[in-house]
Amino acid sequence: MNHAGTTTRDRAGSSRQDGARPERPTRDRRPRRPRRRERSKRYRRIRVLIVLPVLATVAWVLWASPLLSVRSVQVDGVASLTVDEVREAAGVRTGTPLLRVDLDAARERVARLPQVSAVEVTRGWPSSVVVTVTERRPLAVVESGGQRYLVDAEGVLFDTITGDPPAGVVPLDVRDPAPDDRATRAGLAALASLPADVRARVVAAGARTGEDVTLTLAGGTTVLWGDGADSATKGRVLTALLAQLAKGTLDPATTIDVSAPDAVVLR
């Protein structure tokens, strides 16, 4: 017993009653990060070992395998050209892996064909190349160097013909037919401005310069067109005049002058 009147046992019992717990040995709580890092490295190595062969296989299938190679060359949009002519120009070999086909080179080769105005070359997965052609539309036929050529609205001479021109294609008499020739461009502008049914009535057109285009209609009527300016307006005026002449609301005329479309002269 101490001086306060309590024993050692009493003090121990009082301490337990106050909620104090006896101390226990502590566990070793060292960080486990090194183990986690090792596991992460192993997983990464496994993923690499799996992914690399898959990527290599995919690359081989796309770049070298016959599984995705060209089996056919499809040609769309041809009229005067043949499918074989376009295929030969494209130069795409069957058996070539699609991914290795040079689309730009094929497009450039097809574009060199005189009849081609525009061309698109695309891959048709899984086994074809598609060549879509827009051909030039003949508007007139001209003579150059002893041969007769079809010419489009841009003045490009793109094909030779013998015999009668296609329906709606008008013989155009100019000295030097070419895209940059003023007479050629003026004559083509006049023809392009006419509706198909009116142009079908034009049997000949001619121009010595870029300012004196004339059209000859079936029946012998001459149309004085002038230059290529305001061709759209001249075309509308001529179409309306021909409709009135057909109805008999205007006196017959052998010459129609639309060179100044706001002051038309019939005689």
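The following conversation goes through a predicted model and asks what lies behind the words used for its parts.

Visitor: What should be known about the numbering and the model before the terms are discussed?

Guide: Residues are numbered from 1 along each chain as its sequence is written, and side-chain values use heavy atoms, with hydrogens and water left out. The model is predicted, and local features need pLDDT of at least 70, side-chain atom pairs count only at pLDDT 80 or more, while totals for chains, interfaces and linings use all residues.

Visitor: How many helices and strands does the protein have, and what makes a stretch one or the other?

Guide: The protein has seven helices and 12 strands. Helices (H or I, at least four residues) and strands (E, at least two) are DSSP runs, numbered from the N terminus.

Visitor: Why is the contact between Arg136 and Glu154 called a salt bridge?

Guide: A salt bridge is a side-chain nitrogen of Lys or Arg within 4 Å of a carboxyl oxygen of Asp or Glu; for Arg136 and Glu154 the N to O distance is 3.7 Å, and therefore the pair qualifies. Arg136 lies in the loop between strand 3 (128–135) and strand 4 (140–144), whereas Glu154 lies in the loop between strand 5 (147–151) and strand 6 (157–161), so the pair ties together parts that are 18 residues apart in sequence. Arg136, Asp152 and Glu154 are also linked in a network of salt bridges, and the structure as a whole holds seven salt bridges.

Visitor: Why does Arg136 count as buried?

Guide: Buried means under 20% relative accessible area, exposed means over 50%, and partly exposed is in between (1.4 Å probe, protein chains only). Arg136 has 18% relative accessibility and therefore counts as buried. Of the 267 residues of the protein, 32% count as buried.

Visitor: What makes Arg182 and Glu211 a salt bridge, and is each of them buried, partly exposed or exposed?

Guide: The side chains of Arg182 and Glu211 meet at 2.3 Å, N to O, a value that satisfies the salt-bridge criterion. Arg182 lies in helix 5 (residues 182–192) and Glu211 in the loop between strand 8 (202–206) and strand 9 (213–217), so this pair ties together parts that are 29 residues apart in sequence. With a relative accessible area of 56%, Arg182 is exposed, whereas Glu211, at 40%, is partly exposed.

Visitor: How do you know that Asp227 and Lys234 form a salt bridge, and which accessibility class does each residue fall into?

Guide: The closest N and O atoms of Asp227 and Lys234 are 3.4 Å apart, and so this pair also fits the definition of a salt bridge. Asp227 is partly exposed at 30% relative accessibility, while Lys234, with a relative accessible area of 1%, is buried.

Visitor: What makes strand 3 a mostly covered strand, and which strands does it pair with?

Guide: Six of the eight residues of strand 3 are buried, and the strand is therefore described as mostly covered. Two strands pair if DSSP finds at least two bridges between them. Strand 1 (residues 72–76) runs parallel to strand 3 and is joined to it by five bridges, with Thr132 as the bridge partner of Asp76. Strand 2 (residues 116–124) pairs with strand 3 in the antiparallel sense over eight bridges, and Gly124 stands opposite Ser128. A hairpin of three residues joins strand 2 to strand 3; Pro126 is found in that loop, and the peptide bond between Trp125 and Pro126 is cis, with omega about 10°.

Visitor: Why are strand 6 and strand 12 called edge strands?

Guide: Nine strands form an open sheet of mixed pairing in the order 6-5-4-7-8-9-10-11-12, and strand 6 and strand 12 (265–266) are its edge strands because each pairs on one side only. Strand 11 (residues 255–257) and strand 12 run antiparallel and are joined by two bridges, which meets the requirement for pairing, and Ile256 has Leu266 as its bridge partner.

Visitor: What is said about the backbone of Asp230, and why is this residue called exposed?

Guide: Phi of Asp230 is near 55°, a positive value in a residue other than glycine. Asp230 lies in the loop between strand 10 (222–226) and helix 7 (231–247), and its relative accessibility of 52% places it among exposed residues.
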